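Biologist: I would like to go through this structure step by step, asking one thing at a time. Could you please show it to me before we begin?

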Amino acid sequence: MFNSIALSRFLQYIDFSKVQQLFIYDPSDQLYFSTSFFLFFFLALLFFYRMFSKSKNLKIYTIIFFSLFFYYKNSGYFFLLLFVSTFINFYFGSWIHKSKSSGIKKLLFVSVLVIDLGSLIYFKYTNFFIQIINGFTSGNIQLLNILLPVGISFYTFKAMSYVIEIFIETMEPTNSLRDFVLYMFFFPNILAGPIDRAVAFLPQIEGDMTPTKEDIGRAVFLIMSGLFKKAVIADYIGLNFVDRVFQVPLRFTGVENLLASYAYTIQIYCDFSGYTDMALGIASLLGFKLMDNFNIPFIATSIADYWRRWHISLSTWLLDYLFKPLQMSFRRMRIYGSALAIFITFLLVGFWHGANWTFVVFGLFHSTYLAVSLLTQKFRKAFWDKLHLSGTKFLKVFQILITFHLVLITAIIFRSDSLTTARNVFHQIFRYFHGAVFFQWITGYTQVFVFILIGYVLHFIPKSVDNKIKNMITASPIYVQALLLALMIIVVVQVESAQLQPVIYFNF
Amino acid sequence: MVSDRLKKIILDELKLDSFEFHDETTANQVPGWDSFNHINVIMAVEKNYNIRFKGIEVLKVKNMGELQKLVDSKLQQN
């Protein structure tokens, strides 16, 4: 009796309309990894996952169900598009594999590529193209009211990797629609990657999908490091410094613009690699190993090296499925063929990031860097040989610094909302530097400065140290691991001064 | 088994003195065989054997053993 009274009193305090709201799509209240509702969501998932540990089928459906809810919470009714894309790619994959005639195979392959790329282009670029046409013809075509489905670039590329590998016969299609749905819907990587390959993901479903002790230790490490990088470092520097400068660069001196550029470069690294760490950690707790996306990118000694270390799942995707085929078909043009292939690939890297001239110019810069570096490779080697500098530490440090600053230039363009903003940033840096302001800045922005430094220090930590920490966490008892994670969550809550920032890469 | 002739073509193209090739060896394990040089290696092989690969055939090749098989199958066709 007492219990039922207590329960009814308790229930009176709960505002059910608010609870209901939690489960309905609301563009202003999305389900990111670093939100408290996500913690609840994920604990509920782990509870069912554990409860169904004897039945793999139920485990798979649990992830599918939670993934669908996760995607719905973040994109509303666009989950229907995800359904359509999943079914189309699954069936086309199977038809491509089954068809005997190479002509039909090709026709099916081209059709599915047209569907995949067509929907990507429609949702991402229609208005951009209308604006360009209006610009050229001084016309006045109405822009369409198109919303961008979150994560479409990521899941479309995942789907394409499946049909491409089937077409070139480096993998066989899966017979299980359920498994393919899991691959496509898998919530840890659906919004911002990593763009995992079907060929690496699908076989993991064949395994027992149970995390080992090492997986759990690795997950705790990755989630902690991801939370810290994303919710502490990146969000703090972004909100308190970078956003202000890039909003009106002309209001700040050159030195502040330059510092904001250094800050943004580490912000985007911490934001994106932090998000990826969380994705990898969450997947690890479900017994899945996702592809790594970053490998200390700012110690790259050339731009080519940088792209082997930055957003690896995208750069290897483009390398395997676009650059290599282009390079093969242009091979009669020898080195110029490769340069042309680079140019096309990186123009598309720019476009992939979004419909804005800043991204196109970002792509053009990277393609120019790479093409020039390829064409001058022999000359530069001879030059360093002549100076007896080849293979020296000095040259290595010099190359790292040059590469980093070439990347920094593109980061300015990438962050700017228009080419005019980017031009203003460069203008302030080169024409209105006022170096002495640096000391005022340090006193005014001490905390930002410290966070930028911590960001860079974290970035430069060698993988071997990471692994040592991972092993230490793995070796410690589970309650210590839980405590560590709880401590990190408290730190995040303490530092989070304002609203959560969505991951920069959600927009792509 | 990777033939000595194929090994030599690749070593010459990459300007390497020696390297132990196995069937399972992949391009990224060989010093200098990066995405830029890849096309030069493929063209050196085509030229030396006087064969011509199709783009998709090369994309399928995952390791040295498969490259050897591709070369053998091309030689049989000729």
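Biologist: How many helices does the secondary structure of chain B come to?

Modeller: Please keep in mind that this is a predicted model. The secondary structure of chain B holds no strands, and reading along the sequence gives the pattern α-α-α-α. The number of helices in chain B is therefore, as the pattern α-α-α-α shows, four.

Biologist: What radius of gyration does chain B have, set beside the value that the globule rule gives?

Modeller: The C-alpha trace of chain B spans about 30 × 25 × 20 Å along its principal axes. For 78 residues the globule rule gives 12 Å, and chain B comes close to this, so it is as compact as a globular protein of that length. The radius of gyration of chain B is 11 Å.

Biologist: What share of the 78 residues in chain B is buried?

Modeller: A residue counts as buried when its relative accessible area is under 20%. Chain B exposes about 4,600 Å², of which carbon and sulfur atoms supply 48%. The buried share of its 78 residues is 42%.

Biologist: How far apart are the mean positions of the positive and negative charges of chain B?

Modeller: Chain B carries 11 positive and 12 negative charges, and each set has its own mean position. The separation of these two mean positions is 7 Å.

Biologist: Turning to the other chain, how many helices does chain A have?

Modeller: Chain A has zero strands, and its helices number 23. Its radius of gyration is 25 Å, close to the 23 Å that the globule rule gives for 508 residues, so chain A is as compact as a globular protein of that length. The count of helices asked for is 23.

Biologist: What percentage of the contacts in chain A with a separation of 6 or more is between residues 24 or more positions apart?

Modeller: The C-alpha trace of chain A spans about 85 × 70 × 55 Å along its principal axes, and buried residues make up 50% of its 508 residues. Among its contacts with a separation of 6 or more, the part that joins residues 24 or more positions apart is 76%.

Biologist: What distance separates the centres of domain 1 and domain 2 of chain A?

Modeller: The domain assignment gives domain 1 as 31–206 and domain 2 as 213–294 + 376–507. Between them, 29 residues of domain 1 of chain A are in contact with 23 residues of domain 2 of chain A. Taken over C-alpha atoms, the distance between the two centres is 28 Å.

Biologist: Is A:Tyr125 buried or exposed?

Modeller: A:Tyr125 has its place in helix H6 of chain A, which covers residues 102–137. Leaving aside its neighbours within four places in sequence, A:Tyr125 is in contact with residues including A:Phe351, A:Trp352 and A:Gly354. The relative accessibility of A:Tyr125 is 7%, so this residue counts as buried.

Biologist: Which residues does A:Phe69 touch, not counting those up to four places away in sequence?

Modeller: A:Phe69 lies in helix H4 of chain A, residues 56–75, and with a relative accessible area of 15% A:Phe69 is buried. Not counting residues up to four places away in sequence, the residues touched by A:Phe69 are A:Leu22, A:Phe23, A:Leu31, A:Phe37 and A:Phe41.

Biologist: Which peptide bond is cis, with omega near 0 degrees?

Modeller: Most peptide bonds are trans. A:Pro194 lies in the loop between helix H9 (187–190) and helix H10 (198–206) of chain A. The cis bond, with omega near 0 degrees, runs from A:Gly193 to A:Pro194.

Biologist: Where is A:Met209 found in chain A?

Modeller: Most residues other than glycine have a negative phi. The phi of A:Met209 is near 50 degrees, a positive value, and A:Met209 is buried with a relative accessible area of 2%. A:Met209 is found in the loop between H10 and helix H11 (213–247).

Biologist: What is the relative accessibility of A:Arg334?

Modeller: A:Arg334 has its place in helix H15 of chain A, residues 334–353, and its phi is near 50 degrees, a positive value in a residue other than glycine. A:Arg334 counts as partly exposed, with a relative accessibility of 46%.

Key. Residues are numbered from 1 along each chain as its sequence is written. Chains are lettered from A and ligands numbered from 1 in the order in which they are written. This is a predicted model: local features need pLDDT of at least 70, side-chain atom pairs count only at pLDDT 80 or more; totals for chains, interfaces and linings use all residues. Side-chain values use heavy atoms; hydrogens and water are left out. Helices (H or I, at least four residues) and strands (E, at least two) are DSSP runs, numbered from the N terminus. The radius of gyration is taken over C-alpha atoms; the globule rule is 2.2 Å times the number of residues to the power 0.38. Buried means under 20% relative accessible area, exposed over 50%, partly exposed in between (1.4 Å probe, protein chains only). Contact means heavy atoms within 4.5 Å. Domain bounds come from an automatic or database domain assignment. Accessible areas come from the Shrake-Rupley method with a 1.4 Å probe; for residues, only the protein chains shown count as cover. Lys and Arg count as positive and Asp and Glu as negative; His and the chain ends are not counted. The place of a charge is taken as NZ of Lys, CZ of Arg, CG of Asp or CD of Glu.
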